[in-house]
Amino acid sequence: MYKAMRVTAIVVLIVTIVGAGAVLYGINTLAPVVMQTSVLVTPAAQAQDIFDQAVAQVQSGTFTGRVFSGVSGLDAQDCSFLTVTVRLANRGFFPAEWIALDIMPEDGDVLQLDNVQANVLPSGSQGDIAATVLHAGSAEVTQRAFTLSCYVFGRKITLQGSAM
């Protein structure tokens, strides 16, 4: 009887330690981690359809992205699209849902195209999210600060970073 109680106590202690370790791991890995960032510059003249569509939507009031400044007088020959891509890793137990990437505007940034997808990053996986900004003028400086927000287990998590 004494030996059975002793074995039971040791098993319960081990289960408690493993459970506490799993809870600590889950808390420490609740937020996804930014693994890599990049910026791709595309002249707006090479994406004329997207440029024309975005400008027309802003002028008609149906644009669903973020507008930083006016679009009057813009010419595709003088503009560029900057696509900021962020690679995320979710090492936690719960999926990261409703991931949104917002670019902090710099001088010359006109608008950010809308990402209409419900972005989800399953637990234990990696994935990319991208946001595209229309920039008026030369795109010599491509560094952009960004804010990434998501929901994990019903809790809003916000990350800040920059991409070059």
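This is a walk through a predicted model, taking its sheets, its cores and its largest pocket in turn.

Start with the sheet of 5 strands. It is open, and its strands come in the order 1-3-7-5-2. The pairing is antiparallel. Strand 1, residues 33-43, stands at one edge, and strand 2, residues 66-67, stands at another. Each has a single partner strand, so one side of each is left without a neighbour in the sheet. Strand 3 covers residues 79-90, and strand 7 covers residues 125-136. These two run antiparallel and are joined by 12 bridges. To find the pairing on screen, look for Arg87, which stands opposite Asp128 in strand 7.

Helix 2, residues 48-60, packs on this sheet. The helix touches strand 2, strand 3, strand 5 (109-112) and strand 7. Its direction makes about 95° with that of strand 3.

Now turn to Val67 in strand 2. Is this residue buried, exposed or partly exposed? Val67 has 44% relative accessibility and so counts as partly exposed, since the partly exposed class lies between 20% and 50%. Setting aside neighbours within four places in sequence, Val67 is in contact with Val58, Val110 and Leu111. Val67 and Pro105 are 38 residues apart in sequence, and their C-alpha atoms are 9.7 Å apart in space.

Next comes an open sheet of 4 strands. Its order is 6-4-8-9, again with antiparallel pairing. Strand 6 and strand 9 stand at its edges. Each of them has a single partner strand, so one side of each is left without a neighbour in the sheet.

Follow the strands across. Strand 6 spans residues 120-121 and pairs with strand 4 over 2 bridges. Ala96 has Leu121 of strand 6 as a bridge partner. Strand 4 is also joined to strand 8, by 6 antiparallel bridges. Here Ala96 appears again, standing opposite Val152 in strand 8. Strand 8 then pairs with strand 9 over 9 bridges, in the antiparallel sense. Thr147 has Gln160 of strand 9 as its bridge partner. Arg144 is matched in strand 9 by Ala163.

Strand 8 and strand 9 form a hairpin with 2 residues between the strands. Phe153 sits in that loop. Its phi is positive, about 55°, although Phe153 is not a glycine. Phe153 is exposed, with a relative accessible area of 62%. Trp98 also has a positive phi, of about 50°, and is not a glycine. Trp98, however, lies in strand 4. Its relative accessible area is 57%, so Trp98 is exposed.

What lies in the interior? The largest nonpolar core has 22 residues. Val86, Ile99, Leu101 and Leu148 touch the most other members. Strand 3, strand 4 (96-103), strand 7, strand 8 (144-152) and strand 9 (155-163) each give two or more residues to this core. The core therefore draws on strands from the sheet ordered 1-3-7-5-2 and from the sheet ordered 6-4-8-9.

Leu101 is a good residue to centre on. Which residues does Leu101 contact beyond its neighbours within four places in sequence? They are Val84, Val86, Gln112, Ile129, Ala130, Ala131, Phe146, Thr147 and Leu148. Apart from the largest core lies another core, of 14 residues. Among its members are Ala47, Phe51, Phe63 and Val110.

Leu101 turns up again at the largest pocket, which has a volume of about 220 Å³. The lining has 18 residues. Closest to the pocket's centre are Ala100, Leu101, Asp102, Asp114 and Asn115. Strand 4 and strand 7 each supply at least two residues of the lining. Strand 4 gives the most, with 5 residues.

Finish at the start of the chain. Tyr2 belongs to helix 1, residues 2-28. Tyr2 counts as exposed, at 66% relative accessibility. Tyr2 and Ile129 are 127 residues apart along the chain, and their C-alpha atoms are separated by 59 Å.

Methods. Residues are numbered from 1 along each chain as its sequence is written. This is a predicted model: local features need pLDDT of at least 70, side-chain atom pairs count only at pLDDT 80 or more; totals for chains, interfaces and linings use all residues. Side-chain values use heavy atoms; hydrogens and water are left out. Two strands pair if DSSP finds at least two bridges between them. Contact means heavy atoms within 4.5 Å. Axes are lines fitted to C-alpha atoms, for helices over the stretch in contact, and angles run from 0 to 180 degrees between N-to-C directions. A nonpolar core is a set of buried Ala, Val, Leu, Ile, Met, Phe, Trp, Tyr and Cys residues joined through side-chain atoms within 4.5 Å. Buried means under 20% relative accessible area, exposed over 50%, partly exposed in between (1.4 Å probe, protein chains only). On a 1 Å grid over the protein atoms alone, a cavity is a set of points where a 1.4 Å probe fits but cannot get out, and a pocket is an open set with protein on both sides within 12 Å along at least five of seven lines; lining residues have an atom within 4 Å of a point. Grid points are joined across faces, edges and corners, and a volume is the space filled by probe spheres set on the points.
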